[in-house]
Amino acid sequence: MHIRLINPNTTASMTEKIGAAGARVAAAGTRVSATNPEAGPVSIESHFDEAISAVGVLEEIRRGETEGVDAYVIACFGDPGLLAARELTVAPVIGIAEAAFHLATLISTRFSVVTTLGRTCIIAEHLLQNYGFAHHCRKVRAAEIPVLDLEDDGACALDRIIDECRRAKAEDGIGAIVLGCGGMADLTDEIREAVGLPIVEGVTAAVKLAESLVSLRLGTSKYGDLAFPRQKPFTGRFDYLGR
């Protein structure tokens, strides 16, 4: 089984970290590879960043299809390009926010999300509504750290995330916390030990769900709106998509 983790931003150190986190939890015999687009934002912290990064995600899906990948994980908490990616393949495609929300509801009746910047909280709230998990989530909280601080100032960023998680535990009436950024994939154990709650991290959650779907021979349905896109010409710099 080959699972491809796609980091939608172009920061290679984060891609490496995401790949290592996925490989740690994968079953024996599962191959985990991690990639990122060649072009796009170095971090994803806005609707604009997500829109630009989605094209790179789709290009990585197309590349994976030529390599025989069995399942894909979109390793950004905004799940950019998720439904479009599912149109391009029969293989399962899982977003890390969707995966984390699902698993959090299996171990607690209420959870909170701790993410990076306050401006991205609304993106997580939109996903909770769209995926049907809004009534399970008490609050989306921000540690107010730029995403790249997770790479450049890891110890300080970790302290701020732990502080926000402790506030969530004390104030929100929850049983679990969801980490709201793929760049937090290597922090789960330290946060769990410091906070004393189950900590659900989306990259690792998505890898295990992907393994389950492949093992059960459940792929993306090609009946209805997730059927392959209709062939048509594309113009300008997207000409290659029409071939």
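Strand 5, residues 111–115, and strand 7, residues 176–179, run parallel and are joined by four bridges, and within that pairing F111 stands opposite A176 of strand 7. When I speak of strands, I mean DSSP runs of E with at least two residues, and by helices I mean runs of H or I with at least four residues, each numbered from the N terminus; two strands count as paired if DSSP finds at least two bridges between them. I should say at once that this is a predicted model, in which local features need pLDDT of at least 70 and side-chain atom pairs count only at pLDDT 80 or more, while totals for chains, interfaces and linings use all residues. Residues are numbered from 1 along each chain as its sequence is written, and side-chain values use heavy atoms, with hydrogens and water left out.

The two strands I began with belong to an open sheet of four strands, in the order 6-5-7-8 and with parallel pairing. Its edges are strand 6 (137–142) and strand 8 (199–201), each of which pairs on one side only, and neighbouring strands in this sheet are turned by 25 degrees against each other on average, direction ignored. For angles, axes are lines fitted to C-alpha atoms, for helices over the stretch in contact, and the values run from 0 to 180 degrees between N-to-C directions. Helix 8, residues 188–195, packs on this sheet, where it touches strand 7 and strand 8, and its direction makes about 165 degrees with that of strand 8; contact here means heavy atoms within 4.5 Å.

Now to the other sheet. Four strands form an open sheet in the order 2-1-3-4, again with parallel pairing. Strand 2 (31–35) and strand 4 (93–95) stand at the edges with a single partner strand each, so one side of each has no neighbour in the sheet. Strand 1, residues 2–6, pairs with strand 2 in the parallel sense over five bridges, and L5 stands opposite A34 in strand 2. Helix 9 packs on this sheet, touching strand 1, strand 3 (71–74) and strand 4, and its direction makes about 145 degrees with that of strand 1.

Helix 9 (residues 202–215) also packs with helix 4 (residues 96–107), at an angle of about 80 degrees and with their axes 8 Å apart. That makes helix 4 roughly perpendicular to helix 9, a label that covers angles from 65 to 115, whereas those under 35 degrees count as roughly parallel, those over 145 as roughly antiparallel and the rest as oblique. From helix 4, I96, A99, A100 and L103 meet G202, V203, A205, A206 and L209 of helix 9. By class, this contact has eight nonpolar, one polar and no charged residues, where Ala, Val, Leu, Ile, Met, Phe, Trp, Tyr, Cys and Pro count as nonpolar, Asp, Glu, Lys and Arg as charged, and the others, Gly among them, as polar.

Finally, the empty spaces. On a 1 Å grid over the protein atoms alone, a cavity is a set of points where a 1.4 Å probe fits but cannot get out, a pocket is an open set with protein on both sides within 12 Å along at least five of seven lines, and lining residues have an atom within 4 Å of a point. The largest pocket has a volume of about 390 Å³, and of the 17 residues lining it, R62, L88, P229, F234 and L241 are the closest to its centre. Helix 2 gives the largest share of that lining, four residues, and the lining as a whole divides into 10 nonpolar, one polar and six charged.

Technical notes. Grid points are joined across faces, edges and corners, and a volume is the space filled by probe spheres set on the points.
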